[in-house]
Amino acid sequence: MKLKETLLSTPPINGNGFAHTKQKKTIDEMQLIDTIGDEHIATSFDTPMRADAFLMSDETKIAAIEKHFAEIMNILGLDLNDDSLRGTPHRVAKMYVKEVFSGLNPKNKPDVKLFDNKYKYNEMLVEKDITFYSNCEHHFVPIIGKAHIAYVANGKVIGLSKLNRIVQYFAKRPQVQERLTVQIAEELKRVLQSEDVAVVIDAVHLCVSSRGVQDVNSSTVTAAYHGKFQNEATRAEFLKYVGK
Ligand SMILES: [Zn+2]
């Protein structure tokens with residue numbers, strides 16, 4: 001136990017007021033941690049972030065994560081003097097901040113412009129099979145999936161690539177699939193200034209397929225239907241287009 005406490009009690013990263021979480025956990029807390037992880041339970045629809053999340057620059061974050069990731073590798077017994085491993089802490093740190101978790105930072109949110117719907121197209125628009133890569137917030141391993149999006153144009157239309165960018169932005173966070181679905185739907189409602197949006201996500205979670213129950217065949221489907229998509233016929237039309 002002594003060793004474990006020593007290893008876990010890393011000193012604060014810097015003087016920016018970043019609080020470290022409590023180190024000692026009770027048996028009840030440990031059981032809750034296991035249950036939330038195994039069942040993939042989301043506890044909120046906003047990504048839980050601290051108010052001081054962006055006081056540190058990206059560069060400072062990369063340097064700090066690099067140091068801590070090197071420590072994880074050290075603890076696992078890996079030899080960081082090996083040519084192949086030496087650069088790994090830096091690569092992981094840069095990948096976390098600049099790529100796979102870049103969607104945590106609001107400055108990276110896609111800037112969406114709407115266009116007038118000159119053709120008076122007021123039918124459903126469906127963008128299907130948007131491939132995304134996210135990461136499970138309980139295990140930090142990939143969630144790989146496809147998002148299908150639809151909206152009914154309401155005087156304004158959005159550039160199609162922006163639908164894709166909105167999906168990628170929210171995917172590049174530690175996620176749970178239900179939250180990813182809701183966050184995309186809420187952002188679409190906001191930018192389209194319309195309630196009539198639908199989002200379906202079909203994804204595999206590597207924490208389920210490669211560890212834990214090791215179910216390689218299952219995928220998880222989540223959906224958010226708003227406005228006109230709560231109408232059964234409209235929803236059925238959308239699902240027909242996406243082949244569900
Ligand atoms: Zn997981």
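What covers the buried residues of helix 6? I would like to start there this morning, bearing in mind that what we are looking at is a predicted model. The cover includes strand 2, at 124–136, strand 3, at 142–152, strand 4, at 156–158, and strand 5, at 174–175, together with helix 7. The residues of helix 6 that are buried are Leu163, Ile166, Val167, Tyr169, Phe170 and Ala171.

Let me stay with the helix 7 side of that cover for a moment. The axes of helix 6, residues 160–171, and helix 7, residues 177–192, come within 10 Å of each other and cross at roughly 140 degrees, which means that helix 6 is oblique to helix 7. The crossing of these two helices is right-handed. On the helix 6 side the contact is made by Ile166, Val167, Phe170 and Ala171, and these meet Leu180, Gln183, Ile184, Glu187 and Leu188 of helix 7. Sorted by class, that contact has seven nonpolar residues, one polar and one charged. As for the length of helix 6, its 12 residues should span 16 Å at 1.5 Å a residue, and the end C-alpha atoms are 17 Å apart, which agrees.

The second helix pair is helix 3, residues 58–75, with helix 5, where the axes come within 8 Å and cross at roughly 135 degrees, so helix 3 is likewise described as oblique to helix 5. Helix 3 passes helix 5 in a right-handed crossing. By class, the contact between them has 10 nonpolar, two polar and five charged residues. Among the helix 3 residues taking part are Asp58, Ile62, Phe69 and Met73, and the helix 5 residues include Pro89, Val92, Tyr96 and Val97.

Asp58 brings us to Ser102, because I want to show you the loop between helix 5, at 88–100, and strand 1, at 114–116, where Ser102 lies. Ser102 and Asp58 are 44 residues apart in sequence, yet their C-alpha atoms are 9.7 Å apart in space. Leaving aside residues up to four places away in sequence, Ser102 touches Asn108 and Lys172. Ser102 has 17 C-beta neighbours inside 10 Å and therefore counts as partly exposed.

Finally, helix 2, residues 27–39, is hardly covered, since the count of buried residues among its 13 residues is zero. Its length is as expected, because 13 residues at 1.5 Å a residue should span 18 Å, and the end C-alpha atoms are 18 Å apart. Just after helix 2, His40 takes a positive phi of about 50 degrees.

Key. Residues numbered from 1 in each chain as written. Predicted model: local features only at pLDDT ≥ 70, side-chain atom pairs only at ≥ 80, totals over all residues. Axes fitted to C-alpha atoms, helices over the stretch in contact; angles between N-to-C directions. Helix = DSSP H or I, 4+ residues; strand = E, 2+ residues; numbered from the N terminus. Parallel < 35°, antiparallel > 145°, perpendicular 65-115°, else oblique. Left-handed = near helix turned anticlockwise from the far one by under 90°. Contact = placed C-beta atoms within 7 Å. Nonpolar A, V, L, I, M, F, W, Y, C, P; charged D, E, K, R; others polar. Expected span 1.5 Å × (residues − 1). Buried ≥ 20, exposed ≤ 12 C-beta atoms within 10 Å, placed from the backbone.
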